[in-house]
Amino acid sequence: MGQIRLRVRELAAEKGWTLKEVSERSGVIYSTVRSYARSPAMAMVDFTAIQKLARAFDVMIEDLVEVVRD
């Protein structure tokens with residue numbers, strides 16, 4: 001099973017946002033945003049959260065998700 005990493009920290013830095021601001025702007029709870037920002041690789045993520053984060057950053061999902069292991 002592949003693993004992914006979400007580019008939350010990088011995209012937040014580009015916008016000048018804190019993780020708390022990402023949470024507020026996206027509607028994704030802070031603990032989830034923090035977990036996604038800190039995790040080097042994940043096997044499972046909440047797709048609805050990914051959609052909300054991509055919308056908040058104004059990027060396509062493909063720009064938010066990075067495949068780190070196949």
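From the N terminus onward, the elements of the protein chain follow the order β-α-α-α-α-α-β. In this predicted model, the secondary structure thus listed amounts to 5 helices and 2 strands. The radius of gyration of the protein chain is 11 Å, close to the 11 Å given by the globule rule for 70 residues, and the chain is therefore as compact as a globular protein of that length. Along the principal axes, the C-alpha atoms occupy a box of roughly 30 × 20 × 20 Å.

Contacts and burial were examined next. Of the contacts in the protein chain with a separation of 6 or more, 67% join residues that lie 24 or more positions apart. Buried residues, defined by a relative accessible area under 20%, constitute 36% of the 70 residues in the protein chain. The exposed area of the protein chain is about 4400 Å², of which carbon and sulfur atoms contribute 49%. With regard to charge, the protein chain carries 11 positive and 10 negative charges, and the mean positions of these two sets are 7 Å apart.

The confidence of the prediction was considered for the chain and for its elements. The mean pLDDT of the protein chain is 95, with 97% of its residues reaching 70 or more. Among the elements, helix α2 (residues 19-26) has the highest mean pLDDT, at 98, whereas strand β2 (residues 65-69) has the lowest, at 90. In general, predicted coordinates should not be read in detail where pLDDT is low.

Technical notes: Residues are numbered from 1 along each chain as its sequence is written. This is a predicted model: local features need pLDDT of at least 70, side-chain atom pairs count only at pLDDT 80 or more; totals for chains, interfaces and linings use all residues. Side-chain values use heavy atoms; hydrogens and water are left out. Helices (H or I, at least four residues) and strands (E, at least two) are DSSP runs, numbered from the N terminus. The radius of gyration is taken over C-alpha atoms; the globule rule is 2.2 Å times the number of residues to the power 0.38. Buried means under 20% relative accessible area, exposed over 50%, partly exposed in between (1.4 Å probe, protein chains only). Contact means heavy atoms within 4.5 Å. Accessible areas come from the Shrake-Rupley method with a 1.4 Å probe; for residues, only the protein chains shown count as cover. Lys and Arg count as positive and Asp and Glu as negative; His and the chain ends are not counted. The place of a charge is taken as NZ of Lys, CZ of Arg, CG of Asp or CD of Glu. pLDDT is the predictor's confidence in each residue, from 0 to 100.
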